[in-house]
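Good morning, and thank you for making time for this presentation. I shall take the cysteines, then the strands and the core, and close with one glutamate.

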Amino acid sequence: MRLFVDTEFTDFIDCDLLSIGIVSEDGREFYAERSDVDLSRCSDFARAAVLPQLGRDPAIVGTEQDISAALQQWLVQFDQVEVCFDYPTDFEWFFYLVRDAETLELPRSIKWRNIRADLDAADIEHYWRENRRQAHHALHDAKANRFAFLNAKNVMMRYDLKKRDSTGT
């Protein structure tokens with residue numbers, strides 16, 4: 001099962017998690033916001049684009065440890081997952097939250113993939129317009145990436161079928 005993950009964080013240099021959103025390929029969702037982050041560490045960008053969107057959607061609200069425990073519990077429903085992300089920091093935060101506390105390793109049932117090259121910006125913009133959402137909300141960004149990825153996958157499948165039909169194979 002593919003999981004599309006996105007995070008929002010304080011700053012690119014002094015990076016601390018603000019929120020994490022995940023949507024599975026079949027639509028199951030996880031969304032959490034940190035309650036213990038020092039908001040004074042936020043960049044001007046995070047203050048303008050991210051903070052105003054926090055608290056608007058149902059979320060798990062808790063400490064980093066609370067979110068880690070809730071996410072690990074949520075993941076139990078899946079046998080194997082491929083975590084899809086479009087920015088490395090998204091996966092780094094996911095990894096940090098689900099890693100084994102003793103070995104610091106990712107569970108073997110979790111694979112990962114950077115899908116940035118698979119996403120079409122026009123599909124993401126289409127998602128924003130159709131759903132009346134804006135960027136920089138972790139759950140909605142994850143949903144937009146899922147939409148764009150699945151749309152690209154469907155386009156490729158149609159192309160492959162068309163190509164086979166034209167060659168008779």
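A disulfide is a covalent bond between the sulfur atoms of two cysteines. In computed terms, a disulfide is counted where a pair of cysteine sulfur atoms lies within 2.5 Å. The model before you is predicted, and by that criterion it holds 0 disulfides. Two of the cysteines deserve a word on their surroundings. Cys42 has a relative accessible area of 4%, so it is buried, the limit being under 20%. Cys15, with 27% relative accessibility, counts as partly exposed.

Let me turn to the strands. Strand S2 covers residues 17-24. Is S2 enclosed or open to the outside? Of its 8 residues, 8 are buried, and therefore S2 is largely enclosed by the rest of the structure. On one side, S2 runs antiparallel to S1, and 7 bridges join the two. Within that pairing, Thr7 has Ile20 of S2 as its bridge partner. S2 also pairs with S3, again in the antiparallel sense, over 5 bridges. Here Ser19 stands opposite Glu33 of S3. The hairpin formed by S2 and S3 has 4 residues between the strands, and Gly27 in this hairpin adopts a positive phi near 100°.

Next, the interior. The largest nonpolar core has 23 residues, and those touching the most other members are Ile20, Ile22, Leu71, Trp74, Leu75, Phe94 and Ile110. Two or more residues are given to this core by each of the strands S1, S2, S3 and S5 and the helices H2 and H3. H3 supplies the largest share, with 5 residues. Apart from this core lies another, of 13 residues, including Val23, Cys84, Ala144 and Phe149.

Ile22 gives a closer view of the packing. Setting aside residues up to four places away in sequence, its contacts include Leu3, Phe4 and Val5, as well as Phe30, Leu71, Trp74 and Phe94. Ile22 further touches Leu139 and Ala142.

Finally, I come to Glu64. Which helix holds Glu64? Glu64 belongs to H2, which spans residues 64-75. With 13% relative accessibility, Glu64 counts as buried. Its side chain is joined to that of Arg34 by a polar contact of 3.3 Å. Beyond its neighbours within four places in sequence, Glu64 is in contact with Asp16, Arg34, Asp36, Trp93, Tyr96 and Leu97.

That concludes the presentation; I welcome your comments.

Notes. Residues numbered from 1 in each chain as written. Predicted model: local features only at pLDDT ≥ 70, side-chain atom pairs only at ≥ 80, totals over all residues. Heavy atoms only, no water. Buried < 20%, exposed > 50% of the residue type's maximum accessible area, 1.4 Å probe, protein only. Polar contact = N/O pair within 3.5 Å; in protein donor to acceptor, adjacent residues only side chain to side chain. Contact = heavy atoms within 4.5 Å. Core = buried A, V, L, I, M, F, W, Y, C linked by side-chain atoms within 4.5 Å. Pairing = 2+ DSSP bridges.
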